[in-house]
Every structure is written in C-alpha cells, then in structure tokens.
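Biologist: I am new to this model and would like a close look at one part of it, the pairing of charged side chains. Please take me through it slowly, and explain each term when it first comes up.

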Amino acid sequence: MYQKLNKLSQIKGFAVAASIALLSACAFSPSERDDSGLSIDFSRDGLAVGAVVHATGRPALQPFERWRHADQLASHILYSNPQLEGQVDSYEYVAKRVGEPFNSLVQSYRLEGDISSRALQVFSEKKLRRRYLMMVSILPIEESIELQPDAQPVVGRMNRSVEDYFDMKYQTIRLAALRVQVYDTVAARKVADRVFRTDDKGVSLATTRHRRRYVGNSLLAALANSVTNGFRDSGSAQYPAAPSIDDVMNYLWRGVASSLPGAVR
C-alpha cells in the first residue's frame, strides 16, 4: 500500500493566465481532449500508479525520476481524493510485485505509447492488489511563451483626468502536456485515455512580473522609467523566467487528481 503522503509544494509567485491562443498550438483528437473526468470507481477496486515516463522524442527518465514522478502523482491523488486512502499503490509496490520484467515493460510502454496486449497479460498474471493500473507519458510538448503585456493606466493624484503612468504586467507560461492511461488488469483492457495540458480550458500556469511605465517623452519620465525598471532593454528583458518544470508537473498532477470522481476541489 502506498502509505506515505508527500508534502505538496505550495506554488508562490505564479498566476493562472489566460492563453486561449495556445489552444491551437498542438491538436489532439476529440477523445484525447475530452474534458470528462476519469469516471472509474477506484474506491472499490483501488488504483496503482505504475510509472511515469518520457514519451519518445525526449530522453528517457532515470528509474529514480520515474519513481519520484509516480510518487508525486500518487500523493496528489490521495490529497484530492481522501476516500481512496488505503486504496492507492505506487511505483515501488508495482515494481516489486512485477519483478524483473518491470523495467522492460516500462521501456516498451515508453516506446509504443501504450501497454501491449502481451504486456498487459503479464500485469494480469502478477495479480496486483489494485485492479486498475495508471500509466503516464510526459509528451514531447514543451515551450516557454511570453504573453502580450497587460497595461493598466493609473490617473494622476493631483489631476484626475491625467494618466501619470501604466502598471505593466508581464507573464511567461510554460506549455506542457501528458497522457494518462488507465488499464483494467483483471479484464486485461484499457479503460481510459486522456491528455492533460497546462493550457486546458484556456488558462495556464504563468510567472508574473509587474513594472511601472511612466507616460511622456520628457527627460523626467525617461529617468523615472530607468530607475523604476532598471537600466535594461525593453521587450524580453522585462519578462520573468517561465515556471520551473517541477512547478508545471505539480500543476499537471493536480489536474489529473482533480479529474477523479469525488475529488476535493
């Protein structure tokens, strides 16, 4: 049984930014972009998070990385679905239960993007104590994107009809996606297949930087802009670094966990 609940990291300094334009950045079939939850009753038959891998097109994850990602996902599932306490197993149990064939099964899944009928039969023969097996591929979709800056005018204190400066908001997002598949190890068949993206439903995790831009072409305004924003070039220099991979993965794990029935929203 997956007993230990890892402490979930608190993301600070991030915002959820509108990114509707990104929805066409990578096309998926309607079934893969299905917004319905993973509606299987895991509370009765349990769930094992088998492995998280890099899909082909990206370097393979090391075993400890697969272990860490799977444990993080299991932790988020338990945190969002307290009714599954005692019903979730993770990488360590599955690896030990399957034994020596496990690594080759995981590598085959990474290369093929699915568990073959023969591989699924192996999992069935090992008789996992949780009926459902979740496998995850991190897709080769990763891109940092700087959104258009948002400028909010601020009126002067003395003359309310005059705009003294703009509050500028610069945001950078990191686009990423993963494919989640669930297999019934008793019936030996796949029962769920869904892609989760950081820009699902038109929003995405973003880092944010606020700057003040004074209005006017006077020497005073130019000096104020330089002092306030630093002596740096405009454009990309104003943008913050994209969210880290770890923060983006935690964002995606929460999306997967909250898609299960009964999740705590």
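## Charged pairs in the fold

Modeller: Let us begin with Asp193, which is partly exposed at a relative accessible area of 23%; buried would mean under 20% and exposed over 50%, with partly exposed in between (1.4 Å probe, protein chains only). What you see is a predicted model, in which local features need pLDDT of at least 70 and side-chain atom pairs count only at pLDDT 80 or more, while totals for chains, interfaces and linings use all residues. Residues are numbered from 1 along each chain as its sequence is written, and side-chain values use heavy atoms, with hydrogens and water left out.

The partner of Asp193 is Arg179, and their side chains meet in a salt bridge at 2.5 Å, N to O; the term stands for a side-chain nitrogen of Lys or Arg within 4 Å of a carboxyl oxygen of Asp or Glu. Arg179 belongs to strand S6 (residues 163-184) and Asp193 to strand S7 (residues 189-197), so that this pair, 14 residues apart, links distant parts of the chain. Strands (E, at least two residues) and helices (H or I, at least four) are DSSP runs, numbered from the N terminus. Through shared salt-bridge partners, Arg179 and Asp193 are joined with Asp114 and Lys190 into one network.

By the same rule, the count comes to 12 salt bridges, and two others deserve a look. In one of them, Asp89 pairs with Arg130, with the closest N and O atoms 3.1 Å apart. This pair, too, links distant parts of the chain, since Asp89 sits in strand S3 (residues 88-89) and Arg130, 41 residues away, in the loop between helix H5 (117-125) and strand S4 (132-146). Both Asp89 and Arg130 are buried.

The other joins the side chains of Arg68 and Asp246, at 3.6 Å from N to O. Because Arg68 lies in helix H2 (residues 63-80) and Asp246 in helix H7 (residues 245-258), this salt bridge ties together parts that are 178 residues apart in sequence. Here Arg68 counts as partly exposed because its relative accessibility is 32%, and Asp246, at 42%, also counts as partly exposed.
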